[in-house]
Amino acid sequence: MTATLAPPVRIGKAAVWALGLLAISTGSLESVVAPTLPLLQRELDISPSTGALLNIVLAITGALVTPLAGKLGDRYGGKRVLIRLMAVVSVGGLVSAMAPNLPVLLLGQVLQGAMIGALPLSFIVVRKHLPAGESKVAIGLVSGMFVGGSMVGLLAAGPVAEALSRHWMFAVPTFAVIGFTLLVNRLMPSDPPGRSDDAGIDWPGMLLLSGVLVTLMLALAMVPDAGSQPLVLGALVVLLAAFVAGWIAVERRSAAPLIDLRMLARPVIWKSCVLTFVICLGTATGVFLIPQLLDVSGQGYGFGASATEIGFILLPGAVAGTLAGPAGGLGERRFGSRAVATTAVVLMATAMLALSVAHTEVWHIVVAKALIALANGLCVTAMVTSIVSSVDEGDTGIATSLILVTRVLGSAVGGMLGGVLLTSGTPSGSDDPAESAFAAGFLIAGVVAVLSLLVVRSMSKGAKK
């Protein structure tokens with residue numbers, strides 16, 4: 001005999017804003033490394049490609065935790081899993097804040113990576129407690145505040161690191177995460193658990209996916225040394241192919257796959273994932289290369305800016321990123337996902353292609369970074385709201401986690417691409433990468449964005465089941 005569950009309590013604006021403030025704090029904690037990478041590379045005595053690992057390990061954890069968090073949230077309730085996940089993130093932030101060296105800092109970033117799973121859990125809670133129309137706006141608000149938080153981290157990390165130390169740039173947003181987690185726990189009613197099943201966690205799928213991600217990052221990191229170590233790179237490529245084949249085989253046979261490949265095969269979902277990957281690859285390439293370009297002082301290029309100056313130059317991007325999330329949700333609701341995606345891709349392609357040929361004035365950087373942030377916020381939010389509308393309520397966490405995993409992968413590949421290009425483009429005996437390395441990174445991201453218009457053209461105007 002099955003008990004009838006009471007309908008979920010409708011949440012008020014205060015609870016939605018609490019989720020948004022938590023998104024701002026987690027977004028800030030996620031992004032503090034980007035503007036201070038040159039500073040961290042000097043303090044820790046590491047190369048650009050090694051420095052990119054600080055973002056990569058966070059991305060790998062996020063890619064693994066996000067689908068698991070979405071699945072557990074659908075099964076046991078979004079709030080319950082969210083609070084526990086934020087406890088892990090808080091520990092990671094404190095470890096990063098106290099880290100004396102690179103290995104400990106990498107450990108902190110691994111734990112912090114769990115924060116990526118917070119977004120699908122927030123979407124589960126919002127969708128269960130609000131009508132469809134209002135939930136789209138709320139999802140756009142939370143997504144936008146996460147993007148805005150990322151921009152706040154980009155802006156504030158430099159001044160905090162220079163005025164205090166690199167330790168405090170992790171500590172401050174971590175304290176905010178702890179505080180807003182307690183606020184969400186107080187204001188947000190518990191959402192009822194979804195459908196239950198007897199299937200356990202897909203540990204083989206998680207293990208194989210971790211192998212895929214780690215091998216991919218190692219292969220990308222080896223690219224600059226491909227000429228001197230071709231056998232090592234070849235072995236990594238073969239190992240990567242084996243991991244991918246094994247993961248696909250396991251996921252297709254699993255009763256409760258970590259990532260539902262059948263759901264991924266639906267056109268509205270795989271097309272949204274492709275566009276999200278492209279936009280996030282471009283965003284991460286820009287986020288990595290632009291601070292490095294601002295920091296370097298080469299012959300006829302670069303600006304020799306401090307971490308604080310870099311933050312202020314990126315301020316317009318912070319504003320654009322904050323506004324883009326809610327605008328993406330409203331735009332998808334009114335004009336459809338294809339229109340918003342087209343706008344985002346055109347903005348990204350324009351910014352990247354322009355930077356590949358014009359990056360010698362501060363205003364070039366300011367305008368391009370604002371366009372990149374706007375494109376990222378518009379596209380990711382529109383794709384998430386589109387997918388939410390295309391699946392059953394009980395699949396919200398699983399479906400949105402696909403987008404967020406894609407976001408993480410795009411960001412990881414984009415960041416690693418930037419690091420590889422700068423490392424391979426640094427002449428022997430010099431500390432400064434060649435200008436052509438920056439131009440190549442911007443050009444590659446711009447061309448990929450242009451090619452993604454082929455996918456945009458095949459999309460329906462709005463999400464359909």
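User: Before we start, what do buried and exposed mean here?

Analyst: Buried means under 20% relative accessible area, and partly exposed sits in between. Keep in mind that this is a predicted model. The cut-off for exposed is over 50%.

User: Okay, so is methionine 98 buried or exposed?

Analyst: Let's place it: methionine 98 is in helix H4. Its relative accessible area is 64%. The cut-off is over 50%, so methionine 98 is exposed.

User: And arginine 84, buried or exposed?

Analyst: Arginine 84 also has its place in a helix, H4. Its relative accessibility is 54%. Since exposed means over 50%, arginine 84 counts as exposed.

User: How far apart in space are arginine 84 and threonine 181, C-alpha to C-alpha?

Analyst: Along the sequence, 97 residues separate arginine 84 from threonine 181. In space, the C-alpha to C-alpha distance is 9.6 Å.

User: Which helix gives the most to the nonpolar patch on the surface?

Analyst: The patch includes Leu94, Met98, Trp168 and Phe175, and its residues together have about 800 Å² of accessible area. Helix H4 (78-98) and helix H8 (166-187) are the elements that give two or more residues. The one that gives the most, with five residues, is H8.

User: Now the inside: which helix gives the most to the largest nonpolar core?

Analyst: That core has 131 residues, and Leu82, Val184 and Phe442 are among those with the most contacts inside it. Valine 184, for one, touches Leu82, as well as others including Ala18 and Ile83. The top contributor, with 14 residues, spans residues 267-295 and is helix H12.

Key
Residues are numbered from 1 along each chain as its sequence is written. This is a predicted model: local features need pLDDT of at least 70, side-chain atom pairs count only at pLDDT 80 or more; totals for chains, interfaces and linings use all residues. Side-chain values use heavy atoms; hydrogens and water are left out. A nonpolar core is a set of buried Ala, Val, Leu, Ile, Met, Phe, Trp, Tyr and Cys residues joined through side-chain atoms within 4.5 Å. Buried means under 20% relative accessible area, exposed over 50%, partly exposed in between (1.4 Å probe, protein chains only). Helices (H or I, at least four residues) and strands (E, at least two) are DSSP runs, numbered from the N terminus. Contact means heavy atoms within 4.5 Å. Patches are made of residues with over 30% relative accessible area and no salt bridge: like charges are joined within 9 Å, nonpolar side chains (Val, Leu, Ile, Met, Phe, Trp, Tyr) within 5 Å. Accessible areas come from the Shrake-Rupley method with a 1.4 Å probe; for residues, only the protein chains shown count as cover. A salt bridge is a side-chain nitrogen of Lys or Arg within 4 Å of a carboxyl oxygen of Asp or Glu. Lists of a residue's contacts leave out its neighbours within four places in sequence.
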